[in-house]
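Welcome, and thanks for opening the viewer. Please follow along from stop to stop, selecting what each paragraph names.

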Amino acid sequence: MGKAFAVVLTIITTVTVAILVSRHWWFPTVASAHGGAMDHQFVETFVGAAIGFILAQLCLAAFAWKFGERKGETRQVRIFPGGVKWLVVLALVYVGSEIILLEFVGQKVWAAMYFTPAAADSLQVQVLAGQFAFSFRYPGPDGKFGPIHTDKIDETKGNMFGIDQSDPESKDDIVTVELGVPVNKPVELLLNSKDVGHGFYVPEMRIQQDIVPGMQIPLHFTPTKIGKYDITCNQLCGLGHHTMRAFLDVMSEEDYQKWIVEQASLQ
Ligand SMILES: [Cu+2]
């Protein structure tokens, strides 16, 4: 039994590693400035964990092969030569140092996203998540968002952000159903929810952020590839959660200028 188990375990380990190394199921191509660093960090973490995984599985297979039950034997319990203490200590040290190391290396990428403020020339867009759609709001020519008046939110009238039209700062605001941005320009999103917790996830941009009601959460990134990307809510937010999506449209600067003028005319 011990030998058969060792062979099966080795096959499972090899197939698992081969599938992962072939990158058959992998992330979509990176389309943001920080995405490369994030993928690099991910691969480092992955390789570190994989070394531990392979070593552990092969060790298990080797011990099963060597010390497994033999024909005609009745003794079930075997004592590990020299005791298992040093193996447990080794495993703890390996996992512990791995975690500490990843923490130190990984925090650089994390800090660049979350502890560093967005560039001063970022395009600011307010995002409002609600069951079960996203709305986007651009500050218009004055560069200022008017306040959100929750009591004025009226989806039937298309007033998703509760904009008070008599407010001069709100007057030129542009509300859209799609998130249009120019390529290679930093974008700062201000994420809000009007009801429950939601998620904001764009895999190609390597951005993912929970949206919490009562908070305005900033999130910044720089798109580097023109294209249309799915924005999905990845926090279960209710019965219609599966329908909650929108598009991020990354355009050339000229196309973006045309688009925003067109959106302004629709207000
Ligand atoms: Cu959702």
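**The whole chain**

Start with everything shown: among contacts between residues at least 6 apart in sequence, 69% join residues at least 24 apart. Keep in mind that this is a predicted model.

Now colour by secondary structure, and you can look for five helices and ten strands. The radius of gyration is 26 Å, well over the 18 Å that the globule rule gives for 267 residues, so the chain is more spread out than a compact globule. Turn the model along its principal axes and the C-alpha atoms fill a box of roughly 90 × 35 × 30 Å. Switch on the surface next: the chain exposes about 16000 Å², and carbon and sulfur atoms supply 66% of that area. Of the 267 residues, 36% are buried.

**Stop one: a nonpolar patch**

Select Val7, Ile11, Val15, Ile19, Leu20, Trp25, Phe27, Phe42, Phe46 and Trp65; together they make a nonpolar surface patch of about 950 Å². Two elements, α1 (2–21) and α2 (35–67), each give two or more residues to this patch. Which of them gives the most? It is α1, with five residues.

Zoom in on isoleucine 11, which lies in helix α1. Its relative accessibility is 48%, so isoleucine 11 counts as partly exposed.

**Stop two: strand β10 and its partners**

Next, select residues 245–251, which form strand β10. Is this strand largely enclosed or largely open? Five of its seven residues are buried, so β10 is largely enclosed by the rest of the structure.

Add strand β4, residues 179–182, to the selection: β4 and β10 run parallel and are joined by four bridges. To find one pairing, pick glycine 180, whose bridge partner in β10 is aspartate 249.

Then add strand β9, residues 227–232. This strand runs antiparallel to β10, and six bridges join the two. Here you can pick threonine 232, which stands opposite arginine 245 in β10.

**Stop three: salt bridges**

Side chains of opposite charge can pair when their charged atoms come close. In this model the count comes to five salt bridges, and three of them are worth a visit.

Show the side chains of arginine 137 and aspartate 173, which meet in a salt bridge at 3.0 Å, N to O. This pair links distant parts of the chain, 36 residues apart: arginine 137 is in strand β2 (residues 133–138), and aspartate 173 is in the loop between α4 (168–171) and β3 (174–176). Both arginine 137 and aspartate 173 are buried.

Move on to lysine 228 and glutamate 178, whose side chains meet at 3.4 Å, N to O. Lysine 228 lies in strand β9 and glutamate 178 in the loop between β3 and β4, so the pair ties together parts that are 50 residues apart in sequence. Which partner is exposed, and which is buried? Lysine 228 is exposed, with a relative accessible area of 51%, whereas glutamate 178 counts as buried at 18%.

Finish with a residue from the previous stop. The side chain of arginine 245 meets that of aspartate 230 in a salt bridge at 2.9 Å, N to O. Aspartate 230 lies in β9 and arginine 245 in β10, so this pair ties together parts that are 15 residues apart in sequence. Each counts as partly exposed: aspartate 230 at 31% relative accessibility, and arginine 245 at 45%.

Methods:
Residues are numbered from 1 along each chain as its sequence is written. This is a predicted model: local features need pLDDT of at least 70, side-chain atom pairs count only at pLDDT 80 or more; totals for chains, interfaces and linings use all residues. Side-chain values use heavy atoms; hydrogens and water are left out. Patches are made of residues with over 30% relative accessible area and no salt bridge: like charges are joined within 9 Å, nonpolar side chains (Val, Leu, Ile, Met, Phe, Trp, Tyr) within 5 Å. Accessible areas come from the Shrake-Rupley method with a 1.4 Å probe; for residues, only the protein chains shown count as cover. A salt bridge is a side-chain nitrogen of Lys or Arg within 4 Å of a carboxyl oxygen of Asp or Glu. Buried means under 20% relative accessible area, exposed over 50%, partly exposed in between (1.4 Å probe, protein chains only). The radius of gyration is taken over C-alpha atoms; the globule rule is 2.2 Å times the number of residues to the power 0.38. Contact means heavy atoms within 4.5 Å. Two strands pair if DSSP finds at least two bridges between them.
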